[in-house]
Amino acid sequence: MRTLLTTGGRGDASDVATVTQCFADAHIQGLWLDIESPDADDYKLLQETFKFHPLTIEDIQHQNQRPKVDEYPDYNFAVIFQADWQGDDVAFREHHLFVGPHYLISVHLDPAPVLTALQDRIAKSPVLTKGQPAFLTYLVIDALVDATFPVLERVDDTVDRMEDDIIEKASPGSLDRIYHLKHSVTELRRYLGAQRDVFQRLITHGIHLQQQDMTLYYRDVYDHIVRQYETVDSLRDLLSSAMDVYLSTVSNRLNQTTKALTVIASLFLPLSFLTGFYGMNFAYLTTVLETPYLAFGVGVGTMLIAIAIQLYFFRRRGWI
């Protein structure tokens, strides 16, 4: 599916002749062609109409690239990743951008709601582009980068809730969730680190393809990526802290269980001794020293007194 926009609004992307004409007039009104789930006709359009290098087409067809920017004589080819919150996990969306002097071609396999929302905004209010083709490109790149911020906030909230749940009741599911999120955050950090280098190169080398006064805007995008990278570092530390909280909670729970079992075992130690003592001397106690009823009462009383003395000392030392 293709979507075509210029600084004047939305155009007809289904007609190849219209796309070709808009591409020829891109120096006047600019051009943003967004291609979602490209098919054979789209690849033909990219290679024959726009004359893009076959290696860039191959990169689009074979996903799982790393963030990068390749410089060609008439355009730059960039791979940018956008983080998305899907279900209860972080997903990564791969976007391929052809950045020319007056145009931008974006290609992605998965739906991109953030780009759809931007397209609707530009269609309703073309003044957002300020009538500059370069600013249209900036709006797209800025939208892709800023889409990661809500994901980072969701991860932060998830970690906070996880810590509260762990303190309340630590379970093996919490540990699995921590490991899973830590893997996602590490992956996000890897992408953002490479993406930061990409925008550093775009600022210093790539913006010469477009207007020089856009450099300040791209520096702002670069600052956003740096903030995201620092936030991911903080999230990684939070997840490590959550792991420590989990291990401490499990250890404390084990200590409490061990202490309770120790107290119970300690209470039965004197009972076992007294039971053995009275059992071995029962005939002597009931025939020589005391009557059977008195001996039974003395035995039970001795056991109760022993238990009371133990409980007194346990409570005094704060064990119970």
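Which residues touch the most other members of the largest nonpolar core? In this predicted model, that core has 31 residues, and the ones with the most contacts to fellow members are Trp32, Leu97 and Phe199. Two or more residues each come from strand 5 (76-86), strand 6 (89-99), helix 5 (113-124), helix 6 (133-146), helix 8 (172-206) and helix 9 (215-280). Helix 6 chips in with the largest share, ten residues.

Let's stay with Phe199 for a moment. Leaving aside residues up to four places away in sequence, Phe199 touches Ile80, Ile141, Val145, Val221, Tyr222 and Ile225. And there's another core, lying apart from the one that holds Phe199. This other core has 24 residues, including Val19, Leu33, Tyr72 and Phe98.

Now for helix 5, where you'll find Thr116. Thr116 has a relative accessibility of 37%, so it counts as partly exposed, since buried would mean under 20% and exposed over 50%. If you look for Thr3, you'll see that 113 residues separate it from Thr116 in sequence, yet their C-alpha atoms are 9.2 Å apart in space.

Last stop: the surface. Ile305, Ile309, Tyr312 and Phe313 make a nonpolar patch there of about 420 Å². Take Phe313, one of these four, and you're in helix 11, which covers residues 292-316. Why does Phe313 count as partly exposed? Its relative accessibility is 44%, and the partly exposed class lies between the 20% and 50% cut-offs.

Terms used: Residues numbered from 1 in each chain as written. Predicted model: local features only at pLDDT ≥ 70, side-chain atom pairs only at ≥ 80, totals over all residues. Heavy atoms only, no water. Patch = residues over 30% accessible without salt bridge, like charges linked within 9 Å, V, L, I, M, F, W, Y side chains within 5 Å. Areas by Shrake-Rupley, 256 points an atom, 1.4 Å probe, with all protein chains shown as cover. Salt bridge = Lys/Arg side-chain N within 4 Å of Asp/Glu carboxyl O. Helix = DSSP H or I, 4+ residues; strand = E, 2+ residues; numbered from the N terminus. Buried < 20%, exposed > 50% of the residue type's maximum accessible area, 1.4 Å probe, protein only. Core = buried A, V, L, I, M, F, W, Y, C linked by side-chain atoms within 4.5 Å. Contact = heavy atoms within 4.5 Å.
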